[in-house]
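User: I have a structure open and want to learn how to read it. Where do I begin?

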Amino acid sequence: MLKKISTVPFRGTPEQEKRLQTVIETCRDDKSQLMHVMQEAQEIYGYLPYEVQVMIAEGMDVPLEKVYGVSTFYAQFSLSPKGETNISVCLGTACYVKGSQQILDKLSELLGIGAGECTEDGAFSLEACRCIGACGLAPVMTVNDEVYGKITEDDVAGILAKYRT
């Protein structure tokens, strides 16, 4: 699955940039530390936007393409910010057969974002995932740490309403 690049404007702070520059400075002379720097950057910013990838590439003196390649190859890295409320829809076999794609489509419609994206206000992020191990409750979606099972697309608006402020 291709990772989507965020359409949410980058809102890094000077404090975050200073923290990242400190990490880069300690690893600058060892190119094998690129993954470590990227992991630290994601810890600082919550994701790896283009602007942060550029800082890493320039600071580590590696091509931007390498940083981007690593960030898109490994599932641990995200190119989009996570919302205050993280929604994940299981698209594993049992859930998919029981209608999870329709649930994901309804969420996309109601939130105005696709899988792998975050709403512009940072309130919600939406992910599609593979089996979460709750096949007996299929179809399943999670909202933060809350699990919702045996749901239909008609349940989605009501579930979302609980998390809207």
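Analyst: Begin with burial. A residue counts as buried when its relative accessible area is under 20%. This is a predicted model, so every value here is computed from it. Take Pro 81, in the loop between α4 and β1. Its relative accessible area is 13%, so Pro 81 is buried.

User: Which residue can I use to place Pro 81 in space, and how far apart are the two?

Analyst: Use Phe 124. The two are 43 residues apart in sequence, yet 9.7 Å apart in space, C-alpha to C-alpha.

User: How many residues does the largest nonpolar core have, and which have the most contacts inside it?

Analyst: A nonpolar core is built from buried residues joined through side-chain atoms. The largest one here has 21 residues. Leu 20 and Ile 56 have the most contacts inside that core. Four helices each supply at least two of its residues: α1 (14-27), α2 (34-45), α3 (50-60) and α4 (64-73). The largest share, six residues, comes from α2. Another core, of 18 residues, lies apart from it. Leu 126, Ala 128, Met 141 and Leu 160 are among its members.

User: What is Ile 56 in contact with, beyond its sequence neighbours?

Analyst: Leave aside residues within four places in sequence. Ile 56 then has contacts with Leu 20, Ile 24, Leu 34, Val 37, Met 38, Ala 41, Leu 48, Asp 61 and Val 67.

User: Which residues of α3 are buried, and what covers them?

Analyst: First, the general idea. An α-helix has 3.6 residues a turn, so residues three or four places apart point the same way. In α3, the buried residues are Val 52, Gln 53, Met 55, Ile 56, Ala 57, Gly 59 and Met 60. Their cover includes α1, α2 and α4. Just after α3, Asp 61 takes a positive phi of about 55°.

User: Now the sheet. What is the strand order, and which strands stand at the edges?

Analyst: Read a sheet by asking which strand pairs with which. This one is open, with five strands in the order β2-β3-β1-β4-β5 and mixed pairing. At the edges stand β2 (117-118) and β5 (146-149). Each has a single partner strand, so one side of each is left without a neighbour in the sheet.

User: Parallel or antiparallel: how does β3 pair with β1, and how with β2?

Analyst: With β1 (residues 85-90), β3 (residues 124-129) pairs in the parallel sense, over six bridges. Asn 86 stands opposite Ser 125, and Ser 88 opposite Glu 127. With β2, the sense is antiparallel, over two bridges. There Glu 117 stands opposite Leu 126. The hairpin of β2 and β3 has five residues between the strands, and Gly 122 in that hairpin takes a positive phi near 75°.

User: Is β3 mostly covered or mostly open? And which helices lie across the sheet strands?

Analyst: Mostly covered: five of the six residues of β3 are buried. Helix α6 (residues 100-111) lies across β1, β3 and β4 (140-143), at about 150° to β1. Helix α7 (residues 156-163) lies across β1, β3, β4 and β5, at about 165° to β5.

User: How many disulfides are there?

Analyst: A disulfide is a covalent bond between the sulfur atoms of two cysteines. The whole structure has zero. For Cys 129, the nearest cysteine sulfur is that of Cys 90, 5.0 Å away.

User: Why is there no bond between Cys 131 and Cys 135?

Analyst: Check the distance against the cut-off, within 2.5 Å. The sulfur of Cys 131 is 3.7 Å from that of Cys 135, its closest cysteine sulfur, and that is too far for a bond.

Conventions. Residues are numbered from 1 along each chain as its sequence is written. This is a predicted model: local features need pLDDT of at least 70, side-chain atom pairs count only at pLDDT 80 or more; totals for chains, interfaces and linings use all residues. Side-chain values use heavy atoms; hydrogens and water are left out. A nonpolar core is a set of buried Ala, Val, Leu, Ile, Met, Phe, Trp, Tyr and Cys residues joined through side-chain atoms within 4.5 Å. Buried means under 20% relative accessible area, exposed over 50%, partly exposed in between (1.4 Å probe, protein chains only). Contact means heavy atoms within 4.5 Å. Two strands pair if DSSP finds at least two bridges between them. Axes are lines fitted to C-alpha atoms, for helices over the stretch in contact, and angles run from 0 to 180 degrees between N-to-C directions.
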